[in-house]
Amino acid sequence: MSSGKMHADEVDIDASLVRRLLVAQFPQWAELPITPVLSSGTDNAMYRLGDELAVRLPRIYWAIDDTEREWLPRLAPHLPLPIPVTVATGEPGEGYPWRWSVCRWLEGENPSIERLSDPCQLARDLARFIIALRAIDPTGGPDAEPGGRGAPLATRDTDTREAIASLRGILTADELDGVTVAWDEALRAPEWDGPPVWIHGDLQAGNLLVQQGRLSAVIDFGCLSVGDPACELQVAWNFFSGASREAFRAALPDDDATWARGRGWALSVALIALPYYVNTSPAIAAQSRRTIAEVLADVRRDA
């Protein structure tokens with residue numbers, strides 16, 4: 001794997017490529033400054049284009065999806081916060097193999113729990129966004145695929161147990177025992193028996209923007225689907241903790257079973273991400289370890 005890549009088979013993307021694509025397809029923007037956006041995102045490369053636009057290019061084949069382009073303009077008017085809406089779609093060219101997007105730039109910065117003056121307020125802001133997203137009619141929306149965000153938690157069992165086995169030597173024996181017990185417990189939670197709802201699918205700090213301590217936008221809807229709302233609760237363990245986690249839970253209408261499945265989702269995603277990114281993305285590996293630790297501590301408190 002070449003330096004700076006998170007996937008063995010991701011394509012090469014740089015500012016020069018972005019410039020060539022713009023010159024060929026959108027010359028009206030070709031002279032604007034292009035600035036790489038430092039992000040923990042794994043599936044897309046982002047470049048700020050001038051002051052008001054951004055260019056988003058899939059890094060890898062599984063990120064190629066027209067779901068966002070089709071659905072975000074329909075969802076945006078019903079949401080209490082801005083979301084990225086595509087203003088132009090580029091075609092393959094200049095050696096780049098897939099469609100790509102130009103969207104509106106959304107101001108803000110990714111939140112850090114240490115820098116927030118009131119994490120509980122952010123928790124309530126995010127809960128409000130989730131409730132509004134769930135309230136949108138999901139008719140015709142993309143159903144969650146087995147194992148994908150929003151699918152029944154049990155459809156991730158094989159991949160999660162394989163990840164646990166691969167973490168020998170990365171997690172301690174006690175941690176391995178703990179995550180196995182925690183995963184078994186999550187699978188015992190009753191399955192979702194309500195109607196499917198819209199879910200963002202990847203709520204974590206890298207996909208949230210804040211201004212002056214308040215949630216200002218939600219970005220990167222690459223996991224957008226219709227399914228079990230429990231998947232949306234991952235952020236309770238991958239970002240919030242203590243009082244902010246309780247504030248988040250109190251602001252949502254979810255029952256104990258949904259909360260338990262949400263904790264299972266946070267654990268599964270972290271367990272699968274850790275061995276995959278342990279050598280290629282220290283930030284994601286560290287975040288995965290933090291999530292695992294938060295889940296294990298939560299399980300111990302509930303015991």
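Student: In this predicted model, which residues of α5 are buried?

Tutor: The buried residues of α5 are L176, V179, A182, W183 and A186.

Student: What makes these buried residues of α5 line one face of the helix?

Tutor: Seen down the axis of α5, the buried residues fall within an arc of 130°, so they line one face of the helix. The background is that an α-helix has 3.6 residues a turn, so residues three or four places apart point the same way.

Student: Which exposed residues does the face of α5 turned away from its buried side carry, and what do the buried residues pack against?

Tutor: The face turned away from the buried side of α5 carries the exposed residues A173, D174 and D177, while the buried residues of α5 pack against α4 (157-166), α8 (256-277) and α9 (282-302).

Student: How do you know that the span of α5 agrees with what is expected of a helix?

Tutor: Helix α5 has 15 residues, 173-187, and at 1.5 Å a residue these should span 21 Å; the C-alpha atoms at its ends are 21 Å apart, which agrees. The expected value is 1.5 Å times one less than the number of residues.

Student: Where is R263 found, and why does R263 count as buried?

Tutor: R263 is found in helix α8. Its relative accessibility is 8%, and buried means under 20%, so R263 counts as buried. Not counting residues up to four places away in sequence, R263 touches E185, W237, V295, D298, V299 and D302. R263 and L296 are 33 residues apart in sequence and 9.8 Å apart in space, C-alpha to C-alpha.

Student: How many aromatic pairs does a search of the whole structure find, and why is the pair of F240 and F248 called tilted?

Tutor: The search of the whole structure finds eight aromatic pairs. F240 and F248 lie 5.4 Å centre to centre with 35° between the planes; because stacked requires under 30 degrees and edge-to-face over 60, this pair is tilted. Both F240 and F248 are buried.

Student: What makes the pair of Y276 and Y277 edge-to-face?

Tutor: Y276 and Y277 are 4.7 Å apart centre to centre, with 75° between the planes, and planes over 60 degrees apart count as edge-to-face.

Student: Why is Y276 called partly exposed, and why is Y277 called buried?

Tutor: Y276 has 40% relative accessibility, and partly exposed covers what lies between the cut-offs of 20% and 50%, so Y276 counts as partly exposed. Y277, at 9% relative accessibility, counts as buried.

Student: How do you know that C103 is in no disulfide?

Tutor: A search of the whole structure finds zero disulfides. For C103, the nearest cysteine sulfur is that of C223, 16 Å away, whereas a disulfide needs the sulfur atoms within 2.5 Å. C103 is buried, with a relative accessible area of 7%.

Student: What rules out a disulfide for C223?

Tutor: The nearest cysteine sulfur to that of C223 belongs to C231 and is 7.5 Å away, set against a cut-off of 2.5 Å, and C223 is in no disulfide. C223 is partly exposed, with a relative accessible area of 25%.

Student: Why is S216 called buried, and which residues is S216 in contact with?

Tutor: S216, placed in strand β8 (residues 214-218), has a relative accessible area of 14% and is therefore buried. Leaving aside its neighbours within four places in sequence, S216 is in contact with L81, P82, E107, G108, L209, V210 and Q211.

Definitions and conventions:
Residues are numbered from 1 along each chain as its sequence is written. This is a predicted model: local features need pLDDT of at least 70, side-chain atom pairs count only at pLDDT 80 or more; totals for chains, interfaces and linings use all residues. Side-chain values use heavy atoms; hydrogens and water are left out. Helices (H or I, at least four residues) and strands (E, at least two) are DSSP runs, numbered from the N terminus. Buried means under 20% relative accessible area, exposed over 50%, partly exposed in between (1.4 Å probe, protein chains only). The arc is that of the directions from the helix axis to the C-beta atoms. Contact means heavy atoms within 4.5 Å. Rings of Phe, Tyr and Trp (its six-membered ring) pair if their centres lie within 6.5 Å; planes under 30 degrees apart count as stacked, over 60 as edge-to-face and the rest as tilted.
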